[in-house]
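Here are a few worked exercises to try with the model open in your viewer. Have a go at each task before you read the solution.

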Amino acid sequence: MAKVKGAIVIDIERCKGCELCVVACPVNVISMEKKVNTKGYHFAYPENHEACTGCMNCAIVCPDGCITVYRTKVE
Amino acid sequence: MDINEIIREANLVYKKTSLLTEKPLSYCPGCGHGVVHRIIMEVIEELDIATETIGIAPVGCSVLAYEFMDIDMQQASHGRAPATATGIKRCWPDKYVFTYQGDGDLAAIGTSETIHACNRGENITIIFINNGIYGMTGGQMAPTTIPGMVSSTTPYGRDVQLMGNPIKMTDIVARLPGTLFVSRQSVHTAVNVRKAKKAIKTAFENQKLKRGLSFVEIVSNCPSGWRMTPIQANKWLEENMIPFYPLGDLKVDGNLVSPK
């Protein structure tokens, strides 16, 4: 059966660390980084990237449009 | 499969629209304005009307909307966006004209302009962002502040005996004969963002019909003004704002929808 795999790219300089993507993700891919970006915000990063299904929920709720989503089918 | 193999142009499914400029948004972390800006720009991109759309920026937090929306924009005086939009639409009846207004702008100082534009049935789209307070000036009570809600000028909660009742602008304009489509949506979860985008798309498509005004209210959050984290603010919105401002279409194709 074909399985869907996804990947996300987060624009860490645009991220304001609101954490809305963390709660929107149904498979808990995203976590908050301890480091900060140049604006001083803790930014989001895909900690558990293997679980990503490319559902786009994180990108849709992101108020700053930081997230780009890729998705592909794997056999 | 390696993650880097998935990140390729061919697999791209979602990306920030180019109609939203690269300039970082001036809004606080977690603010609903950013989501609404993005879904309006996505709708304009999908309908391929970027060169035929004129937006009206309000006064409030979104006063700099023209910095972020890469389309033709006009700044209006406080509350006067529907009047400005009326003028622009009457000069260019074939352009798509929309106003983007907050609750202090649309429901307080601009009540007269809003109600008369809706009653005249101007062929424009109004996007109304309702977060229940005056966000830009420090979270004071607004006409839309719900009963019992704490703001910087109602530290013990809004007392309706003393401060009067909140106004539901969307319910009022739905009953005016000039409106074609009236809807209330929110952007606090992915499902609601998808529904809000659909409503905004309908509101823009209606301008082609030239049958009246389309009005979309977005119940939004204000983490800074409400003194909450973005996650708490969205939870509070779901538990308190949405029971008072129920979501859904109020008027479709000129006919009132009976509440469920």
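**Exercise 1. The contact between the chains**

Work out how many residues chain B and chain A each bring to their contact.

*Solution.* Step one: take contact to mean heavy atoms within 4.5 Å. Chain B then gives 33 residues and chain A gives 32 residues. Before going further, a word on the ground rules: this is a predicted model, where local features need pLDDT of at least 70, side-chain atom pairs count only at pLDDT 80 or more, and totals for chains, interfaces and linings use all residues. Residues are numbered from 1 along each chain as its sequence is written, chains are lettered from A and ligands numbered from 1 in the order in which they are written, and side-chain values use heavy atoms, with hydrogens and water left out.

Step two: get the area. The size of an interface is often given as the accessible area lost when the parts come together. Here chain B and chain A bury about 2,700 Å² between them, with 65% of it on carbon and sulfur atoms; buried area is the accessible area (1.4 Å probe) that two parts lose on being put together, summed over both. On the chain B side, B:Ile3, B:Val13 and B:Tyr14 lose the most area to chain A, together 20% of what that side buries.

Step three: look for polar links. There are zero salt bridges across this interface, a salt bridge being a side-chain nitrogen of Lys or Arg within 4 Å of a carboxyl oxygen of Asp or Glu. Polar contacts do turn up, with eleven residue pairs (both at pLDDT 80 or more) between chain B and chain A. Such a contact is a pair of N or O atoms within 3.5 Å; within protein, one must be able to donate a hydrogen and the other to accept it, and residues adjacent in sequence count only if both atoms are side-chain atoms.

Step four: find the elements. Helix H1 (3-6), strand S1 (12-14), H2, H9 and helix H11 (230-244) of chain B each give two or more residues to the side that touches chain A. Helices (H or I, at least four residues) and strands (E, at least two) are DSSP runs, numbered from the N terminus. S1(B) also pairs with strand S4 (residues 67-74) of chain A: two bridges join them, and they run antiparallel. Strands pair if DSSP finds at least two bridges between them. One of the bridges is between A:Tyr70 and B:Leu12.

**Exercise 2. Charged pairs in chain B**

Which residue does B:Glu42 meet in a salt bridge?

*Solution.* The partner is B:Lys197, at 3.0 Å from N to O. Next, place both ends: B:Glu42 lies in helix H2 (residues 32-47) and B:Lys197 in helix H9 (residues 190-209) of chain B, so the pair ties together parts that are 155 residues apart in sequence. B:Glu42 is buried, at a relative accessible area of 7%; buried means under 20% relative accessible area, exposed over 50%, partly exposed in between (1.4 Å probe, protein chains only). Finally, widen the view: B:Arg38, B:Glu42, B:Glu46, B:Lys197 and B:Lys201 are linked in a network of salt bridges.

Now try B:Glu122: is it buried or exposed?

*Solution.* At a relative accessible area of 5%, B:Glu122 is buried. Its side chain meets B:Arg90 in a salt bridge (2.6 Å, N to O), and B:Arg90 counts as exposed at 57%.

**Exercise 3. A covered strand**

Find how many residues of strand S2 (residues 53-57) of chain B are buried.

*Solution.* Five of its five residues are buried. Then sort them by direction. In a regular strand the side chains alternate between the two faces of the sheet. In S2(B), B:Thr53, B:Gly55 and B:Ala57 point one way, while B:Ile54 and B:Ile56 point the other way.

Last, check the neighbours. Four bridges join S2(B) to strand S4 (residues 96-102) of chain B, running parallel, and B:Thr53 has B:Tyr96 as its bridge partner there. Four bridges also join S2(B) to S3(B), again parallel, with B:Asp72 as the partner of B:Ile54.

**Exercise 4. A backbone oddity**

Where is B:Asp48 found?

*Solution.* B:Asp48 is in the loop between H2 and S2 of chain B. Check the backbone next: phi is positive, about 55°, although B:Asp48 is not a glycine. With a relative accessible area of 61%, B:Asp48 is exposed.
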